[in-house]
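Student: I would like a close look at one part of this protein, with enough of the surroundings to place it. Please pick a good spot and walk me through it in one go.

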Amino acid sequence: MRDTILLDLDGTLTDPGEGITNSVAYALESFGVKVEDKASLYPFIGPPLAQSFAQFYGFGPEEVRQAVAKYREYFSRQGMYENVPYPGIHQALEELKKAGVRLLTATSKPLEFALPILRRFELASYFEYVGAADLEGRRSQKGQVIAYTLAQAGVSDKSRAVMAGDRLHDALGARENGLDCAGVLYGYGSRQELLEAGVIALIESPDQLVRLPAL
């Protein structure tokens, strides 16, 4: 049995699609890039933001810095709350907590955004520790966030812990840290993406998160 679960935020606990795509579109507009279909920006959900601007739009270091600043301008004002918890997520976390499972977050979103979001949607109280990235970019890759979270929460026996997330970055970051990962299908990653990344199980809906300790 697993007694510790690390959970991604975007695409696992909440659906941030509207706020993230609006924030990315706002940033791109400052470079003269008009986004006609916000759904085309879904690949930004999950990976580190700077990495995505460089990968998807070919931005250099200075352009990335400016784009991230513009993104955060909109996101901090309203985008972070253009967001909604997945149906059933509160019930699943409540059940896990009652069963004595330690719940931690491990998100590539900076703590300055992650914590207010969790509080806004009444999720923060379920978590013993909120593991997140930092604004300066020193801790942005998922593997770095997971390593930091495990250390801060004092998790020594990784065989009794599992990560749950919706993108390949969650699975790859977990593997870097010797941790198993379950793939979340109701978020923004595909079944193929998650299986190729080596997840040990697939979670079809939030209520199935209660299966994690038995994986």
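Tutor: Happy to. Let's begin with the contacts across the whole chain: among those between residues at least 6 apart in sequence, 64% join residues at least 24 apart. Please keep in mind throughout that this is a predicted model.

A few overall values set the scene. The protein has eight helices and eight strands. Its radius of gyration is 16 Å, close to the 17 Å that the globule rule gives for 215 residues, so the protein is as compact as a globular protein of that length. Along the principal axes, the C-alpha atoms fill a box of roughly 50 × 30 × 30 Å. Of the 215 residues, 54% count as buried. The accessible surface comes to about 9500 Å², and carbon and sulfur atoms account for 49% of that area.

The part I suggest is strand β6, and the way to reach it is through the sheet. Six strands make up an open sheet, in the order β5-β4-β1-β6-β7-β8, with parallel pairing. At the edges are β5 (129-133) and β8 (201-203), each of which pairs on one side only. From one strand to the next, the twist averages 25°. As a general point, strands of a sheet pair through backbone hydrogen bonds, either parallel or antiparallel.

Now to β6 itself, residues 161-165. In the strand order, β6 sits between β1 and β7. On the β1 side, four bridges join β6 to residues 4-7, and the two strands run parallel. If you want a pair to find on screen, look for L7, which stands opposite A164 in β6. On the other side, β6 pairs with β7 (residues 180-184), again in the parallel sense and over four bridges. There the pair to look for is V162 with its bridge partner D180 in β7.

Next, follow the side chains. A161, M163 and G165 point one way from β6, while V162 and A164 point the other way, and all are buried. Five of the five residues of β6 are buried, so this strand is largely enclosed by the rest of the structure.

A161 deserves a pause of its own. Its relative accessible area is 0%, and because buried means under 20%, A161 falls in that class. Setting aside neighbours within four places in sequence, A161 is in contact with R2, T4, V155 and L179. Of these, T4 belongs to β1, the strand of residues 4-7. You can also compare A161 with L150: the two are 11 residues apart in sequence, and their C-alpha atoms are 9.4 Å apart in space.

From β6, let's cross the sheet to its β5 edge. Beyond β1 in the order comes β4, and then β5. β4, residues 102-110, pairs with β5 in the parallel sense over five bridges. Along that pairing, T107 stands opposite A132, and P110 has A133 as its bridge partner. Although β5 is an edge strand, it is mostly covered, with four of its five residues buried.

β4 also leads us to a helix. Helix α1 (residues 17-29) has buried residues that pack against β4, as well as against β2 (14-15), α2 (49-57) and α3 (61-77). In α1, 10 of the 13 residues are buried, so this helix, like β6, is largely enclosed by the rest of the structure. Among the buried residues of α1 are G17, I20, V24 and L28. From first C-alpha to last, α1 reaches 18 Å, close to the 18 Å expected at 1.5 Å a residue.

One of the elements beside α1 is β2, and T14 lies in that strand. T14 has 0% relative accessibility and counts as buried. Apart from neighbours within four places in sequence, its contacts are L9, N83, V84, P85, Y86 and L123.

For contrast, finish at E122, in the loop between α5 (111-120) and β5. With a relative accessible area of 63%, E122 is exposed, whereas A161 in β6 is buried. The phi angle of E122 is near 55°, a positive value in a residue other than glycine.

To return to where we started: β6 has four bridges to β1 on one side and four to β7 on the other, and its five residues are buried.

Key
Residues numbered from 1 in each chain as written. Predicted model: local features only at pLDDT ≥ 70, side-chain atom pairs only at ≥ 80, totals over all residues. Heavy atoms only, no water. Pairing = 2+ DSSP bridges. Axes fitted to C-alpha atoms, helices over the stretch in contact; angles between N-to-C directions. Expected span 1.5 Å × (residues − 1). Buried < 20%, exposed > 50% of the residue type's maximum accessible area, 1.4 Å probe, protein only. Contact = heavy atoms within 4.5 Å. Rg over C-alpha atoms; globule rule 2.2 N^0.38 Å. Areas by Shrake-Rupley, 256 points an atom, 1.4 Å probe, with all protein chains shown as cover.
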